[in-house]
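Reader: I have a model open on my screen and would enjoy a guided look at it. Could you walk me through it?

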Amino acid sequence: MITIRNQKSIYLDGRLVPAGEAQAPAGKGMAESILQAHNVSGDPKKYAICFDAMLSHDITYVSIVQTARASGLKRFPIPYSFTNCHNSLCAIGGTINADDHRFGLSAARKYGGDYVPPNLAVIHQYAREMVAAPGRMVMASDSHTRYGALGCMGVGEGGGELVKQVLGKTWNVDAPKIVAIYLTGSPRPGVGPQDVAIALVTALFPDAVVKNSVMEFMGPGIAGLPMDYRMGIDVMTTETACLTSIWETDEVVHEYLTVHGRGETYRAIHPENGAAYDTVVEVDLSAIEPMIALPFHPSLGVPIREFNENVEGYVEQIEARARKLMGEKFAQVPDLKSKIHNGRFRIDQAVVSGCCGGLYGNLAVVAEMLRGRTIGATGINYSVYPASQPVLQELMKSGAISDIINAGVTLRTAFCGPCFGAGDVPGQNCFSIRHVTRNFANREGSKAAGGQISYVALMDARSITATMLNGGFLTPAGDDTPATPGSYGFDPTIYTNNVYHGYGHEEPEAPLSVGPNIADWPNMIGMPDNLLLKVGIALRDKVTTTDDFIASGEPSAFRSNPGRMAEYTLRSKDPDYVARAKSIRDVELERQQALAEGRPQPESVRACFAEAGLDADAMASSTALGSLVFAIYPGDGSAREQAASCQKVLGGWANIAGAYATKRYRSNCINWGLLPLVTDDDAAGWEIATGDTVYIPGIRALLEGEGESLDITIFRGGQAVTKKVSLPGISREERSILLAGCLINFYR
């Protein structure tokens, strides 16, 4: 099905040949060609990239604009689109969400941006329909920024990296590893794009095969895939932890662009003969079965057939993960075994939504499967969310919407909510099957720390529908499943009449609409000579996701208010973290105030220094107090910068980790003045605990110089242990941002 070859290979006339078995002049791969075309550094090994366009949605664009304003923003130098697809329901926080939307429109007017009103499109569908094109590079403040199937390199980053672009700066990255994804065969009937994606994520994520790499899709298997099928696979590449993706283009892509009124942007994208790859992933599409990614990660994929053959065993695995997640206090809550009836597993909810589920191709197949049938009054709700109003319009024209709603399925708007806990939240102990991008613990609305638990498994829309037509008993789509349609229409009138197009027409004197929840960033000081930090939390999980750092659902209403947002930091992991971090932050503010007023340090400050055997009178002027987070492998998942900025708002200065799961999270840490320290030995073996004190001497001198490693001291109960940490590969610009205290200070 999927074979990984860690063997150097070269591309030659459509084939991947082991290096040494064939001769060919050195050529460029697709990614290298596009990256070099956008590189302004002059160095083919260290890219400084200027993007062609950017996008942000309504839980990121306010903080990005606020950060950019504080850094000197005058106008948007490239096309920048604001979509409203995450908080578009305006369902929580009083006027907060609607106020953010008004801010977005006013910012588009003032700085020259495009504004897509709520409920018109989810961010990535709008990008596919109106922005992405072969050879381009697009950045968005959302981790699922993947437009590779259109020959466009999409990069999802935290807000700080978008701020750099609107200030005329560059995205800096070392030349990434390129991994060839070679597709052969054709998917069997009933196998959809999510099945292929789950199989890929399951094969590639656990061993970090493509971590921070570019996935280049090529091979004869591409030709038989409709455009929506390709896009449905591509958007899920984020879950492999890759940097970005790119696909070969053909007439299928050309037709899609032509239908969408942008045929002139088409160009052929292929590897050149001699393009070299260190790793080749061979995917036989014909061997992939309908899949299910079990709670609580997209990489926990198994064939649905296999799950049904060993349902008791798999349910016990899920319950064990839930018990570990909830802790001993709620150990009796998981009760999935009650959903097994005569050896068959029955689900509680079904959803097809967003940038990977709500595509026309998926919903057209769902409609055909449902035509003339009903899901019945089983108590199991099935809801679908078309990814844009133009997609909905085409489904209406074809009669598909009538087939869907007549079968008892609920139709919703273009909305990303079910993917991150702001829509169709499952009930207590409920099991939801969803064609969305993620199924992390706590993500879809349950709060394990509060005794709530629900389960989300990822499946393709085809098998979800087959399951619903079978009374809710988990069922793979069969050989009688209709084929994905190859093409469909597009009417731009909805966008023409409703989208505000402000690029190139900025109005500098236009006021910003600032609601009562929209707040500026607090003052952040530059890096001191030394740091004395409390361990705010020590996380021992194998992977810590950005959802663990800051939940994706409930707090989203406050993403325009740094202080309010920070109150949710790490709540699912330790409800006491915020109070713990704030207490040392408040002592640090006392230190700063005493220095400013020229008076002796208060007892609270002296006590902190005394814990490390340091003299406050001698050290307080050169040593700042704060907190740090210790984790084994943090940062998997979303691009959301708040995973880092909330730590900073609470007085954080550093993370110490065995490794960082994504480039995105590491960049977010740096842009918000958090040191992304790496352990020089096995992090799992570190004796460090919540509440310990860590002294980091000479950190400013290290950043000002060329060094990358230093010794730190961990204090606990009167005992001191010295350990070595490092900042591997840190660039001069990254050093400067950390020295300034954060990106805002650096550009200000």
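**A guided look at the fold**

Author: Gladly, and let us begin with one residue: Ala 208 counts as partly exposed, at 33% relative accessibility. Please keep in mind that this is a predicted model.

Reader: Where is Ala 208 placed in the chain, and what is its phi?

Author: Ala 208 sits in the loop between helix 6 (193–204) and strand 12. Its phi is positive although the residue is something other than glycine. The value is near 55°.

Reader: Is Asp 13 buried or exposed?

Author: Asp 13 belongs to the loop between strand 2 (9–12) and strand 3 (15–18). Asp 13 is not a glycine, yet it has a positive phi of about 50°. The cut-off for exposure is over 50% relative accessible area. With 59%, Asp 13 is exposed.

Reader: Thanks! Now to the whole chain: how does its radius of gyration relate to the globule rule?

Author: The chain holds 27 helices and 34 strands. For 748 residues the globule rule gives 27 Å, and the chain comes close to that, so it is as compact as a globular protein of that length. Its radius of gyration is 26 Å.

Reader: What percentage of the contacts join residues at least 24 apart in sequence?

Author: Of the 748 residues, 63% count as buried. The contacts to consider here are those between residues at least 6 apart in sequence. Among these, the share joining residues at least 24 apart is 77%.

Reader: Which residues touch the most other members of the largest nonpolar core?

Author: That core has 119 residues. Apart from it lies another core, of 85 residues, which includes Tyr 61, Val 163, Met 527 and Ile 737. In the largest core, the residues that touch the most other members are Leu 200, Phe 307 and Tyr 382.

Reader: What is Phe 307 in contact with, leaving aside its neighbours within four places in sequence?

Author: Phe 307 is one of the three residues with the most contacts to other members of the largest core. Once its sequence neighbours within four places are set aside, its partners are Ile 292, Leu 294, Val 302, Tyr 314, Val 315, Ile 318, Phe 345 and Leu 474.

Reader: Why do the buried residues of helix 1 line one face of the helix?

Author: In helix 1 (residues 30–37), the buried residues are Met 30, Ala 31, Ile 34 and Leu 35. Viewed down the helix axis, they fall within a limited arc, so they line one face. Their cover includes strand 4 (46–49), strand 8 (137–140) and strand 9 (153–156), among others. The arc in question is 120°.

Reader: And which exposed residues does helix 21 carry on the face turned away from its buried side?

Author: Helix 21 (residues 603–611) buries Val 605, Cys 608 and Phe 609. These fall within an arc of 95° seen down the axis, so they line one face of the helix. They pack against strand 26 (530–538), helix 20 (577–597), helix 22 (616–619) and strand 28 (623–631). The face turned away carries Glu 603 and Ala 610.

Reader: How many residues of helix 23 are buried, and which glycine follows the helix?

Author: Helix 23 (residues 642–649) is mostly covered, with eight of its eight residues buried. Among them are Gln 642, Ser 645 and Lys 648. The helix is followed by a glycine with a positive phi, near 95°, and that residue is Gly 651.

Reader: One last stop: what is the omega of the peptide bond from Pro 295 to Phe 296?

Author: Phe 296 is found in the loop between strand 16 (291–293) and strand 17 (301–303). The peptide bond leading to it from Pro 295 is cis, and its omega is near 15°.

Notes. Residues are numbered from 1 along each chain as its sequence is written. This is a predicted model: local features need pLDDT of at least 70, side-chain atom pairs count only at pLDDT 80 or more; totals for chains, interfaces and linings use all residues. Side-chain values use heavy atoms; hydrogens and water are left out. A nonpolar core is a set of buried Ala, Val, Leu, Ile, Met, Phe, Trp, Tyr and Cys residues joined through side-chain atoms within 4.5 Å. Buried means under 20% relative accessible area, exposed over 50%, partly exposed in between (1.4 Å probe, protein chains only). Contact means heavy atoms within 4.5 Å. Helices (H or I, at least four residues) and strands (E, at least two) are DSSP runs, numbered from the N terminus. The arc is that of the directions from the helix axis to the C-beta atoms. The radius of gyration is taken over C-alpha atoms; the globule rule is 2.2 Å times the number of residues to the power 0.38.
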